[in-house]
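This report describes selected features of one structure for a reader who has not met it before. The sequence and the structure are shown first.

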Amino acid sequence: MIAETGLAALWLAAAMSLLQLAFGMAALRPAGAELLRAVRPVAVAQALLVGLAFLLLIQLFLRTDLSVLLVATNSHSAKPWLYKFAGAWGNHEGSMLLWVAVLAAAGAAVALFERRLPERTLVATLTAQAAIGLGFYAFLLFASNPFERLFPVPPEGKGLNPLLQDPGLAFHPPTLYVGYVGISVAFSFAVGALVTRDVGPAFARAMRPWVLAAWIFLTLGITAGSYWAYYELGWGGWWFWDPVENASLMPWLAATALLHSVSVLATRDGLRAWTVMLAVVAFSMSMVGTFLVRSGILTSVHSFAVDPQRGAFILALLALYIGGALALFGLRVGTVKEGATFEPVSREGALVANNLLLSAILGIVLVGTLYPLLVEAVGGGKLSVGAPYFNAAAGPLALVLVLIMGAGPLLRWRRDRLGEVARRLLAPIAILALAAGAVFALAPGIRILPLLGLVLAFGIGAASLAPLWKRNLRRTPLFTWGMVISHLGIAVSLGGMASEAAFTKEVLVAARPGETVQVGPYQIRFDGVEPVAGPNWTAIEAKLTASRGGSPFVLRPQARTFSSPPTQTSEAHIATRLDGQLYTVIGPEDGGGRWQLRLWWKPFVTLIWLGGGLVALGGLLALIGRVRRGGRKARGGEADA
Amino acid sequence: MKRLILWLPLALFLAFLAVVAVRLGGKQDPSIRSQLIGKPMPEFALKAAAPGHPGLSAADLRTGQPRLLNVFGSWCIPCQVEAPQLLALKARGVPIDAVAIRDRPEDVAHFLARHGDPFQRIGDDPQSRVQFALGSSGVPETFVVDGKGIIRHQHVGEIRPENVPALIAAWEAAK
């Protein structure tokens, strides 16, 4: 009965989104003003129903109800409960249900909390949100039904891909989806504002907290996903330029650009058309990413069940939504008057440079991700580009972007003088020069990109704190703190990336028990291997004793063999120290009593994710600051600066 | 002019749609006939790309036995996907050499340690010179070379499990 109730709730939610669309379209007609008030409650009801459907799916997985096709193909009764729970979204159908649930929840949040937008624009926004939802409900109900029954009922399920059997799965996809799909609000805001021709500072101030909220989750999701890949794939790398990773990076790049251009629109009434465009692009990137991953037209290590029919369905939805929004943009944005102008050397100028660079990087990632398709379209077969292309093309632009990020917040709005700016940047420039000298002295043979990365990390880290210089810290607005901490986080993360690239020590050896290997500052003794068993796996576990002067500690990397489905994975053991991580992996035996060990010492690699966390924290502070000020303003308090 | 620019995003998106729609609708035929099929392997000599494997020259492919030549990169994701199929081919007795494109020895070593090592010789092609000489513009690609060093078959893109029989047939035919 649970499955049937879930399916019914899903159908009802779809009906609600249809109703929301119909009410919204009617309300926007001149005669439909009395319908304006009906749209918000429908949006909330829709979210409650699809939320119920999702909870019921989780319930089916927790019970391992094998009469449901999805549970039988993706779960197993011997799985630990956390993975039964997370298994609900570790597959195509379940994750699409989560996708739609987040979409509906975002719409309901706008319906419940958005008070700044004019009512007509708000209704247009919710109508756009309903239109998106309707297509994806149809996709779920007609092409990806998660509640489909299976008869005869099998005695046991097929199990979950062991790579996904990790606590990360419980948190990473939902976080990413809230960001990924939450950015749909920006898309709907843009469509709403184009429909009512209402693009201006008030629109930007209303949209900003929603963009911020989605962006925080995207940042967290990407950071967590990177760490997950780092320790779970057992390869020592933290970013692989996999199509699935790019699919999450592209909306983040667009949302980051949007976050900055929306500031120009809110404060100075500039960049109207550009901001609307970015809002459309950000969510379009989410949808394109979903399509690329789910249709299977790009090869990825993250494999989902591939089905060309599903691909065609999502493609039709893309054509409808993105094509529709871009057509509306072409038709309407010409009638949006351009706002205030500004000088090149100004806060706006720096933000425009930020936007252009972010867009260029987005373009590079998009072209690289789509390259196999482009080559094939001109008859060249299916080929792939990887890290060499992405690093070489996007790396230098990213460094210039970081440089501008250091200077931008110190510029005044409208117009500034270069001499003045240089004076404000004196201390950071001095630190940058010092860092350059120190890196040259300590690491003479360093490659150019890591060198620039390290030097910029120090200089820009200092510059990002400069906006707090000589300010009363207790009276500094929370959103200024947010900006400072986010920018500092970028510098910290950059430092980690550069340090990892420049100073990592790696050793690949075939060792006999009792032998000792030197990795960076560590002496590692290989004590031997022993078999161990878990709930649904067995493993060979190595015992490694590591020391560098102080007291030794033990690492136990494993090579696991899962029973259902039969798969082998390597579980790295990572020891985290203040100045870096020791990363150990055990490989197969060579037949002569020697085991393959892969050992890395990665100085300050943790800064990569710590920086990502700081970026998200900064976003959270800015969000709280914006919402509080917005609330005060709504109650007639102090004016916005 | 300005108005036209406003329609540019839509035009780009429609181009993307067209490309993707063709890709989704079209039948997949991974084997295309390269200009080089039936011709001898171009001359080259590459240094070793990974410890434990000798380098590769065109002469090494003229052994009297047909061989596979796999063009790959440790950074290439489809190459990871095809690794089990190459191991299966090796298990069937097919000798396989490789050219590593734009790679570093330690990365190649990690790749082989992680995904299995089906290769006998691996040549290092840091600037993609040999790759271009082979008429290949990306990775992965796999060539069947007969005992006299003549290219008999080309497979573009990753080798999926369903492609293995065709490759074995091409290898048998080259004997």
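In which handedness, left-handed or right-handed, does helix 7 of chain A pass helix 9 of chain A? The crossing is left-handed. The model is predicted, and the angles and distances below are computed from it.

## Helix packing in chain A

Helix 7 of chain A covers residues 167–182 and helix 9 of chain A covers residues 201–232. Their axes lie 7 Å apart, and the two helices pack at an angle of about 145°. On the side of helix 7 of chain A, the residues that meet helix 9 of chain A include Gly168(A), Phe171(A), His172(A) and Gly182(A). Their counterparts in helix 9 of chain A include Ala213(A), Trp215(A), Trp228(A) and Glu232(A). Sorted by class, this contact has twelve nonpolar, seven polar and one charged residues.

A second helix pair in chain A is formed by helix 10 (residues 243–268) and helix 11 (residues 272–295). Their axes come within 9 Å and cross at roughly 165°. Angles over 145 degrees count as roughly antiparallel, so helix 10 of chain A and helix 11 of chain A are roughly antiparallel to each other. The crossing of helix 10 of chain A and helix 11 of chain A is left-handed. The contact of helix 10 of chain A with helix 11 of chain A has 19 nonpolar, five polar and one charged residues.

## A sheet in chain A

Four strands of chain A form an open sheet in the order 1-10-9-8, with antiparallel pairing. Strand 1 and strand 8 of chain A are the edge strands, and each pairs on one side only. From one strand to the next, the twist averages 15°. The strand pairs are listed below.

| Strand pair (chain A) | Bridges | A pair of opposite residues |
|---|---|---|
| Strand 1 and strand 10 | seven bridges | Lys505(A) and Trp601(A) |
| Strand 9 and strand 10 | eight bridges | Gly580(A) and Pro603(A) |
| Strand 8 and strand 9 | five bridges | Ile574(A) and Tyr583(A) |

Helix 3 (residues 105–115) of chain B packs on this sheet and touches strand 1, strand 9 and strand 10 of chain A. The direction of helix 3 of chain B makes about 45° with that of strand 1 of chain A.

Strand 10 of chain A, residues 595–603, is mostly covered, with seven of its nine residues buried. Strand 9 and strand 10 of chain A form a hairpin with five residues between them. In the turn of that hairpin, Gly591(A) has a positive phi of about 95°.

## Where the chains meet

How many residues of chain A are in contact with chain B? There are 41 residues of chain A in contact with 34 residues of chain B. Several elements of chain A each supply at least two residues to the side that touches chain B, among them helix 11, helix 13 (347–377), helix 14 (387–407), strand 1 and strand 10. Helix 12 of chain A gives the largest share of that side, eleven residues. By class, the residues on the side of chain A that touches chain B divide into 23 nonpolar, 13 polar and five charged.

## Loops and backbone details

Most residues other than glycine have a negative phi, and most peptide bonds are trans. Some loop residues depart from this.

A cis peptide bond joins Phe151(A) and Pro152(A), with omega about 0°. Pro152(A) is placed in the loop between helix 6 (119–143) and helix 7 of chain A.

Trp241(A), a residue other than glycine, has a positive phi near 55°. Trp241(A) lies in the loop between helix 9 and helix 10 of chain A. Is Trp241(A) buried or exposed? Trp241(A) counts as buried because it has 23 C-beta neighbours inside 10 Å.

In chain B, Arg102(B) also has a positive phi, near 45°. Arg102(B) is found in the loop between strand 4 (96–101) and helix 3 of chain B. Arg102(B) counts as buried, with 22 C-beta neighbours inside 10 Å.

Gly135(B) is in the loop between helix 4 (129–133) and strand 6 (141–145) of chain B. Because Gly135(B) has 16 C-beta neighbours inside 10 Å, this residue counts as partly exposed. Gly135(B) and Ile101(B) are 34 residues apart along the chain, and their C-alpha atoms are separated by 14 Å.

Definitions and conventions: Residues numbered from 1 in each chain as written. Chains lettered and ligands numbered in written order. Predicted model: local features only at pLDDT ≥ 70, side-chain atom pairs only at ≥ 80, totals over all residues. Axes fitted to C-alpha atoms, helices over the stretch in contact; angles between N-to-C directions. Parallel < 35°, antiparallel > 145°, perpendicular 65-115°, else oblique. Left-handed = near helix turned anticlockwise from the far one by under 90°. Nonpolar A, V, L, I, M, F, W, Y, C, P; charged D, E, K, R; others polar. Buried ≥ 20, exposed ≤ 12 C-beta atoms within 10 Å, placed from the backbone. Pairing = 2+ DSSP bridges. Contact = placed C-beta atoms within 7 Å.
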